[in-house]
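I set out to record, entry by entry, what I looked up in this structure. The notes are kept brief for a reader who has not met it before.

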Amino acid sequence: MAGSTTKTVFEIFQTMDYGPSSSSFSTAQSWLEQQGASLGIFQDGKFSHPADRQTRSLTDSTGRAVCSLMCAVDEDVSSCVSSAASSFKAWSQLSCHQRATPLLKLASAVQRHSQCVTELCEASQAPCSPAALVRLAQFYASWAQLRDTHMQDWVPRGVVAVVASDDCSLYSLWLKVLPALAMGNTVVLVPGTPTAPPALLLAQLFGEAGLPAGVLNVITGSDASLGAKVAQNSNMAYVTFTGTRQDGEALCRQTAGWGVPVSVSFPLDSVCPYLIFESADIDSAVDGVMEAVFKKRKECQWVLYVQESVLESVVARLKLRLAGMKSIALQSEAHRALVDTAVQEATAQGATIIQPCPPPPSGALYPPTLLCGVAPSCPAVVSPAPGPVLPLLTFRGPGEAVTLGNHSPHGQAASIWTEDLTLALETVKSLCVGCVWVNSHSVSDPSLSLSGRKTSGNCTDGGREGLYQFLRPSHSPALPRCSPSTLDYAGFGAAASKASVPEGFDPSSIPRFYSHFVAGKACKADSGCSKAVLSPEGAVLALCPDGGRKDVRNAMEAAIKSQTGWMKKSPSARAQSLYTLAGLVAGKKQPLAAAIHTQTGASLDEANQEVDLGISRLYEWAARCDKDVCGVPLLPQSGSALSISEPVGVIGVVLPDSKPLLPLLSLLAAAVATGNAVVMVPSEKYPLPALELIQVLQSSDIPGGVVSIITGGRDQLTHAIANHSVIQAVWYWGSKEGCQFLQHACSSPLRRLWLHCEADEQKASEGKFWTLPNPSLVEEMWRQAVAWKSVWIPTA
């Protein structure tokens, strides 16, 4: 019998019977009884149980009722957000030390109540180590203390909504809540159902630790749109989401046009490669596979890649380890159906199945399963089922391993196993993921940042870099809050662009015909159409191409071909190219200033100042090329770690009308200095200075395709950029409708967005935005141009 004291350890290992559970629920039960076994929302520092609210029952893995959760309604959402908004001013104006104190006290409170936290997490099927929460609180208490010293000219955003899906872990949730509070924001937390009880407990402990009432509010409910209701409130300044891709994409679409920035991370749906090279310690690598893959709750989905020369050895060890295992509990019978379907599809495509026992005929149980011989295109590889199923593929050499590792559209993390340090570091550099574990897996610490790459997220969590999502430069205007417009997303930008060539106009009287700049060459628009470049008085100054979807496609193809090589150039080589470009722009100062003066009506002095500022920005970014690119954080455990900044990839830039040349040079320099390629859309109203710059770019040594310039209708080109598969980020200055379109269109597939609404009343402030000698302006551009990769290298 399981748990019998007469059995020896050897006998237990032979039968793999479960021993007696050492866990208790008494401490958590006592806390729940204090709340009447019914948990309400947490508002103004205390629990609130409004009358006539529906409730939702939460059960543990045995089906036993743990507690009931209140389902918030619109009135509760409004009151919680209002509470956070009214508390923001007082909380944000506290000294750094005053904000750090409650976070430090929270760490002590979690230590004192660790048993209750553990029991509540286990009962809610949302396991989380109290020690990890203590580490989080201590880490962000330190950053709360240092914010004004290390982040001058940055201010908190305001009221922040932290939204999670049901499958999200408590650690991932608190990794967003604590830095938001540490930076001076107030928070409205919308946890998933399993994490709601421990989140409410931590909110209560936070209040007892001295957090002012209203600074942290927690809303629970069963409505999947609850997070969107919170985000749409007019007092909300920023929304961040963690959880499943389906819920995150829905939230992005539901909040499009409301004027609130939204960032998302999808750790749960990410597919991560597990690479075993022939130079690996095979026994340790297989041990890591068993720990990472075949457990009840995984942080991500894994795909195993093994070098062909050690395939038999790895499979033999896996068979031996699997032989004594039992079926593993899934979260629901719906997950069991998904696992059954995935295994059947893989079998139909020729995969070999290795299992320790047959699957039970029914129920939410499934045996650990190894799928050998699957193809890279198999659904079990592209989107593995949520269960103990591991697809196994082979590779011949390191190059093929990297290609397979980057095959997935996800870019959350990877684990590589090799004793060859050179091979490890080269593979680390080549994988397009946010975190790489060398000879380890699933290690985490808040000191290291994690940027989801590709479709795994568009924000950075953890480390110093993760703090900036909860701050904005003091000079940068926020998006205006508003209601969404009625948009035809499919037809956005289809209307005919303005300023086309006037009917009956004699083209022979035009002094200049301009071209696009694509792949390092001047070229005509694919459509053959042109637009008139007008003076402030309405006179036709020149003709420029009227670009469209095919022109964007050509520019993107050139960008993706050139970006990889440009990224691999040394920082000093990129700096030299920018210095050369700055010198060429200086040599063309007079024609560029004349173009600004002629088209915008600005004085020659103002035009010359704009060119000088643009040259200065080029020099500044050239100087920054080899600065601030990585760090080596100090870890509270053995081993080493690196935090590396990498280029985002191909960036689409839609430029403002407020300054026709300075933003172009500033953003071009920021993107190119960090290793990106850019497709730039100049001001539709004032394209002449950008077109004059093409001649300068042709003379520079920046490789063709790294920079492309396409003129035409802003909305039409924005639509083409947003819907191209190559683009990784969009920087946009334009209309409210354009911002709304991008928030909707760039939710699936996911893009990084940097949006600015250039409404008429904001154009004056936008002009000042570009001319301010503020270091946070350059800092913000740099942070928009890079993503972060964490590398873990254990020792001992």
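**Entry 1: helix α24**

I listed the buried residues of α24 and found G738, C739, Q740, F741, L742, Q743 and A745. I worked on a predicted model throughout, and the values in these entries are computed from it. The helix spans residues 736-745, and because seven of its 10 residues are buried, I noted α24 as largely enclosed by the rest of the structure. I then asked what covers the buried residues of α24. The cover includes two helices, α10 (245-255) and α23 (714-722), and two strands, β35 (729-734) and β36 (752-757).

I followed the chain into the loop between α24 and β36, where P749 has its place. The peptide bond from S748 to P749 is cis, and I recorded its omega as near -5°.

**Entry 2: cavities**

I searched the whole structure and noted six cavities of 30 Å³ or more. The largest cavity holds about 80 Å³ of space. Which element gives the most to the lining of the largest cavity? I found that it is α24, with four residues. The lining as a whole consists of G257, G259, L479, P480, C482, K736, C739, Q740, Q743 and C757. Sorted by class, I entered five nonpolar, four polar and one charged residues for this lining. Two of the names, C739 and Q740, I had already written down among the buried residues of α24.

**Entry 3: strand β18**

I turned to β18, which covers residues 389-395. Six of its seven residues are buried, so I described the strand as largely enclosed by the rest of the structure. I looked up its pairing with β13 (residues 301-307) and found the parallel sense, over four bridges. Within that entry I marked L392 of β18 as the bridge partner of L304. Strand β17 (residues 369-372) also pairs with β18 in the parallel sense, over four bridges. Here I noted V389 of β18 as the bridge partner of T369.

**Entry 4: a three-stranded sheet**

I traced an open sheet of three strands in the order β1-β5-β4, and its pairing is mixed. Its edge strands are β1 (38-39) and β4 (55-59), each of which pairs on one side only. I counted five bridges between β4 and β5 (residues 65-70), and these two strands run antiparallel. L58 stands opposite C67 in β5.

**Entry 5: D657**

I located D657 in the loop between β32 (650-654) and α21 (662-673). Is D657 buried or exposed? Its relative accessibility is 12%, so I entered D657 as buried. I found a polar contact of 2.4 Å that joins its side chain to that of S683. I also looked up D153: from D657 it is 504 residues away in sequence and 26 Å away in space, C-alpha to C-alpha.

**Entry 6: positive phi values**

I noted D44 for a positive phi of about 55°, although it is not a glycine. D44 lies in the loop between β2 (41-43) and β3 (46-48). With 34% relative accessibility, D44 counts as partly exposed.

I noted S442 as well, a residue other than glycine whose phi is positive, near 60°. I placed S442 in the loop between β21 (435-438) and β22 (450-451). Its relative accessible area is 27%, so I recorded S442 as partly exposed.

Technical notes:
Residues numbered from 1 in each chain as written. Predicted model: local features only at pLDDT ≥ 70, side-chain atom pairs only at ≥ 80, totals over all residues. Heavy atoms only, no water. Buried < 20%, exposed > 50% of the residue type's maximum accessible area, 1.4 Å probe, protein only. Pairing = 2+ DSSP bridges. Contact = heavy atoms within 4.5 Å. 1 Å grid on protein atoms, 1.4 Å probe; cavity = no way out; pocket = protein on both sides within 12 Å on 5 of 7 lines; lining within 4 Å. Points joined across faces, edges and corners; volume = space filled by probe spheres on them. Nonpolar A, V, L, I, M, F, W, Y, C, P; charged D, E, K, R; others polar. Polar contact = N/O pair within 3.5 Å; in protein donor to acceptor, adjacent residues only side chain to side chain.
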